[in-house]
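Here is a friendly briefing on where empty space is found in a protein model and how some of its helices are packed. Please keep the viewer open as you read.

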Amino acid sequence: MSVLRWSDGLPLRPKRVLVAGAAASGKSTLARLLAAHWELPYAELDALYHGPQWQPRPTFRDDIVALATQDEWVTEWQYTIARPLLAVRADLLVFLDLPRWLATTRVIRRTLRRVVRRSELWNGLREPPLRTILSDPDHIIRWAIRTHHEHAPRVRALAEQRPDLPIVWLSTRREAEAWVRSLTATPPGTVDGEA
């Protein structure tokens, strides 16, 4: 199992990167940052997944297969159907294993902001009214709290299946920030600052 801490150097310059974590852990934000840093294309899985009325798009699996076969990409490691298709091709996984209280605070804050601003998310979708948290067991806030514990075992299982896959395990916000700082101090075409 090749698990790296925030202070460990990467063994290679990655070309296919997955970012895992609970809802609102910062997966998409970090994925965009990594894509920009390493000059790799970014694909947002939520935009590929969600169709009208929050229904899965019928082309989602085909879109994931097409993405996985590309030589370079950065994306989130989520959705049951997508995880194995992407994991087999990834050459780096970054896991944001942030505390439940932090992820919960973030998902509540993010959801409130989106509801108040009526922000468009993906494909014309917007967060439903806040009152739906009481009636919808899969409301994003309830779902995030309920599923938070599922991510670490999933990453451990992948580490067992793919011992060749470097996994950067970031357990706190400070570790994540320090790791990002160490990356941005390293030129994009190098590993551990070597030219």
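The points below go through the pocket, the cavity, two helices and two single residues.

This is a predicted model. Its largest pocket holds about 1400 Å³ of space, while its largest cavity has a volume of about 30 Å³. Rolling a probe the size of a water molecule over the atoms shows where empty space is left.

**The largest pocket**

- The largest pocket is lined by 48 residues, and the ones closest to its centre are Ala-23, Ala-24, Asp-46, Arg-110 and Ile-140.
- Six helices each supply at least two residues of this lining: H1 (27–38), H2 (45–49), H5 (100–117), H7 (140–147), H8 (151–161) and H9 (173–184).
- Helix H1 gives the largest share of the pocket lining, with six residues.
- Sorted by class, the pocket lining has 19 nonpolar, 12 polar and 17 charged residues.

**The largest cavity**

- There is one cavity of 30 Å³ or more in the structure.
- Its lining is made up of Ala-22, Ala-23, Arg-100, Ala-103, Thr-104, Ala-144, Ile-145 and His-148.
- Helices H5 and H7 each contribute at least two residues to the lining of the largest cavity, and H5 has the largest share, three residues.
- Five residues of the cavity lining are nonpolar, two are polar and one is charged.
- Ala-23 is worth selecting in your viewer: it is among the residues closest to the centre of the largest pocket, and Ala-23 also lines the largest cavity.

**Helix H7**

- The buried residues in H7 are Ile-141, Ala-144 and Thr-147.
- Looking down the axis of H7, these buried residues fall within an arc of 150°, so they line one face of the helix.
- An α-helix has 3.6 residues a turn, so residues three or four places apart point the same way.
- Packed against the buried residues of H7 are H5, helix H6 (132–135) and H8.
- Ala-144 has two roles in this picture, being buried in H7 and lining the largest cavity.

**Helix H8**

- In H8, the buried residues are His-151, Ala-152, Val-155, Leu-158 and Ala-159.
- Viewed down the axis of H8, they fall within an arc of 125°, so they too line one face of their helix.
- Which exposed residues sit on the face of H8 turned away from its buried side? They are Glu-160 and Gln-161.
- The cover over the buried residues of H8 includes strand E2 (16–21), helix H4 (82–87), strand E5 (92–96), H7 and E6.

**Arg-162**

- Arg-162 is found in the loop between H8 and strand E6 (167–170).
- Is Arg-162 buried or exposed? With a relative accessibility of 14%, Arg-162 counts as buried, because the cut-off for buried is under 20%.
- A polar atom of the Arg-162 side chain lies 2.5 Å from the backbone oxygen of Ala-87.
- Leaving out residues up to four places away in sequence, Arg-162 touches Ala-87, Val-88, Arg-89 and Ala-90.

**Ala-47**

- Ala-47 belongs to helix H2, and its relative accessible area of 27% makes this residue partly exposed.
- Not counting neighbours within four places in sequence, Ala-47 is in contact with Arg-57, Trp-122 and Asn-123.
- Between Ala-47 and Thr-184 there is a separation of 137 residues in sequence and a distance of 27 Å in space, C-alpha to C-alpha.

Technical notes: Residues are numbered from 1 along each chain as its sequence is written. This is a predicted model: local features need pLDDT of at least 70, side-chain atom pairs count only at pLDDT 80 or more; totals for chains, interfaces and linings use all residues. Side-chain values use heavy atoms; hydrogens and water are left out. On a 1 Å grid over the protein atoms alone, a cavity is a set of points where a 1.4 Å probe fits but cannot get out, and a pocket is an open set with protein on both sides within 12 Å along at least five of seven lines; lining residues have an atom within 4 Å of a point. Grid points are joined across faces, edges and corners, and a volume is the space filled by probe spheres set on the points. Helices (H or I, at least four residues) and strands (E, at least two) are DSSP runs, numbered from the N terminus. Ala, Val, Leu, Ile, Met, Phe, Trp, Tyr, Cys and Pro count as nonpolar, Asp, Glu, Lys and Arg as charged, and the others, Gly among them, as polar. Buried means under 20% relative accessible area, exposed over 50%, partly exposed in between (1.4 Å probe, protein chains only). The arc is that of the directions from the helix axis to the C-beta atoms. Contact means heavy atoms within 4.5 Å. A polar contact is a pair of N or O atoms within 3.5 Å; within protein, one must be able to donate a hydrogen and the other to accept it, and residues adjacent in sequence count only if both atoms are side-chain atoms.
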